[in-house]
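Okay, thanks for coming, everyone. I'll put the structure up and talk through it piece by piece.

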Amino acid sequence: MAGVAIPSVILKGCDKAMPLIGMGTSSYPPADTETAKAAILEAIQAGYRHFDTAFAYGSEKPLGEAIAEALRLGLIQSRDELFITTKLWASFAERTQIVPACKMSLKNLQLEYVDMYLIHWPVRLTEVISRTPVAAEILRPLDVKGVWEGMEECKNLGLTKGIGLSNFSCKKIEEVLSIAKIPPALNQVEMNPLWQQRQLREFCRAKGVHITAYSPLGANNTKWGDNRIVESDVLANIAKARGKTTAQVALRWAQEQGVSIVTKSFNKERMKQNLQILDWALHSEDLEKISQLPQRKGLNLASIMGPHQLVLELDAEV
Ligand SMILES: NC(=O)C1=CN([C@@H]2O[C@H](COP(=O)(O)OP(=O)(O)OC[C@H]3O[C@@H](n4cnc5c(N)ncnc54)[C@H](OP(=O)(O)O)[C@@H]3O)[C@@H](O)[C@H]2O)C=CC1
Ligand SMILES: O=C[C@H](O)[C@@H](O)[C@@H](O)[C@H](O)C(=O)O
């Protein structure tokens, strides 16, 4: 196998092990198809086997094309070698629309199944939108029972190997658990040294819900993130002492918390650098310093959807 071998985790209710480090595909400014496709092929060569996409990113089609090309080129022998995560967009978060939305994503990806299907955000939009923020009139609370039944139907139909959540608070996860026939395998949330999610992680550990950390580098250089992680003095000093980069310290920190990671780089050197976190460890004094960093949530739903009451309430939940 080319590149670094990445360890995997077995998830509840999921028929396939998930590689602990995945490549994100949400880029800013949005990458054109050829750029995204070329970056994904580079990532496969570097050893990435888990790819995180979403209907909302517009990256399902380039990912599908890259997978087809990787098979043609013999970079992988079979589609089964990859773990593909995609997400149900809020505009389709209604009982009868979930199976068709999943099939639409599969068509974009040129796949017969995905490995993980997540509810992207715990809200519903009554329209398919092409830009954000959205008008308050089209925002609705999520029908948790109906939507989770639709997710379960996707799994039962074999459209996905596993189902899970994204951006769900403890309270919202509890609602899902109270009605689920198939428990959510994971909750994908923002997590990094500046938003450590201690309470949510503790809750998920107790309930057997795995956590995947998104924006582990604070979404450096994107419109939904900032450079406060890659330019943190505390992390830079630790990096210097360990002979690593600040980004590697942030990624290693997340890895040591027992979560999986999805991080995006379309740059050949940085995507390789981001995998070099498996054969060394942070020292206890490093962990102590990181645990004292002031905390702030980087990505709020209000900054995407607009400062509507329902959204502000969701953002306030832990
Ligand atoms: N479920 C959800 O709601 C969300 C899910 N996600 C998923 O998680 C993925 C990762 O999160 P994302 O928000 O992209 O943010 P990340 O924290 O992974 O940061 C990505 C940014 O950092 C840059 N970068 C990557 N590696 C390095 C490095 N070693 N040193 C310095 N800069 C670096 C990248 O640029 P470059 O490409 O030039 O290297 C890019 O601009 C997304 O792509 C998406 O798939 C993200 C947000 C929300
Ligand atoms: O239109 C909204 C966007 O797609 C937003 O939901 C995502 O970009 C999100 O921040 C993510 O990266 O998953």
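So, α1: it has 14 residues and runs 20 Å from its first C-alpha to its last, close to the 20 Å you'd expect at 1.5 Å a residue. The buried residues in α1 are Ala36, Lys37, Ala39, Ile40, Ala43 and Ile44. Look down the axis of α1 and those buried residues fall within an arc of 165°, so they line one face of the helix. And yes, Lys37 is in that buried list. What sits over the buried residues of α1? The cover includes β3 (21-24), β4, α2 and α9. Just after α1 comes glycine 47, with a positive phi of about 120°.

I should say this is a predicted model, so keep that in mind throughout.

Now α2, residues 60-73. Helix α2 has 14 residues and reaches 20 Å from first C-alpha to last, again close to the 20 Å expected at 1.5 Å a residue. Which residues of α2 are buried? They are Glu60, Pro62, Leu63, Gly64, Ala66, Ile67 and Ala70. Those buried residues pack against α1 (33-46), β4 (50-52), β5 (83-88) and α3 (98-109). So to speak of the two helices together: α2 is part of what covers the buried residues of α1, and α1 is among the elements that the buried residues of α2 pack against. After α2 there's glycine 74, and its phi is positive, near 80°.

Between β4 and α2 there's a loop, and tyrosine 57 is in it. The UniProt annotation, from an unreviewed entry, labels Tyr57 "active site". Is tyrosine 57 buried or exposed? Tyrosine 57 has 21 other C-beta atoms within 10 Å, and the cut-off for buried is 20 or more, so tyrosine 57 counts as buried. Leaving out residues up to four places away in sequence, tyrosine 57 touches Thr25 and Ser26.

While we're with that record: the same kind of annotation, also from an unreviewed entry, puts "domain: NADP-dependent oxidoreductase" over residues 21-292. The end C-alpha atoms of residues 21-292 are 25 Å apart, and that span is 40% helix and 15% strand.

On to the ligands. Ligand 1 is surrounded by 31 residues, the closest being Gly24, Leu217, Ala247, Lys264 and Ser265. The elements that give two or more residues to that shell are β12 (260-263) and α9 (268-273). You'll remember α9 from the cover over the buried residues of α1. By type, the shell around ligand 1 divides into 9 nonpolar, 19 polar and 3 charged residues.

What about ligand 2, which residues are around it? Ser26, Ala54, Ala56, Thr132, Trp224, Leu299 and Ile304. That shell comes out as 5 nonpolar, 2 polar and no charged. Ser26 we've met already, as a contact of tyrosine 57.

Thr132 brings me to the cis peptides. The bond from threonine 132 to proline 133 is cis, with omega near 0°. Proline 133 lies in the loop between β7 (123-125) and β8 (139-141). There is also a cis bond from tyrosine 28 to proline 29, with omega near -10°. Proline 29 is in the loop between β3 and α1, which takes us back to the helix I started with.

Next, a couple of backbone oddities in the loop between β11 (210-214) and α7 (233-242), which is where serine 215 lies. Serine 215 isn't a glycine, yet it has a positive phi of about 45°. Serine 215 counts as buried, with 24 C-beta neighbours inside 10 Å. Alanine 219 lies in the loop between β11 and α7 too. Its phi is near 50°, a positive value in a residue other than glycine. Alanine 219 has 23 C-beta neighbours inside 10 Å, so it counts as buried.

Last stop, glycine 158, in the loop between α4 (144-156) and β9 (163-166). Why does glycine 158 count as exposed? It has 10 C-beta neighbours inside 10 Å, and exposed means 12 or fewer. Glycine 158 and leucine 275 are 117 residues apart in sequence, and in space they're 31 Å apart, C-alpha to C-alpha.

That's my tour; over to you for questions.

Notes:
Residues numbered from 1 in each chain as written. Chains lettered and ligands numbered in written order. Predicted model: local features only at pLDDT ≥ 70, side-chain atom pairs only at ≥ 80, totals over all residues. Near = placed C-beta within 6 Å. Nonpolar A, V, L, I, M, F, W, Y, C, P; charged D, E, K, R; others polar. UniProt positions renumbered as here; feature names shortened; annotations may be inferred. Helix = DSSP H or I, 4+ residues; strand = E, 2+ residues; numbered from the N terminus. Expected span 1.5 Å × (residues − 1). Contact = placed C-beta atoms within 7 Å. Arc of directions from axis to C-beta.
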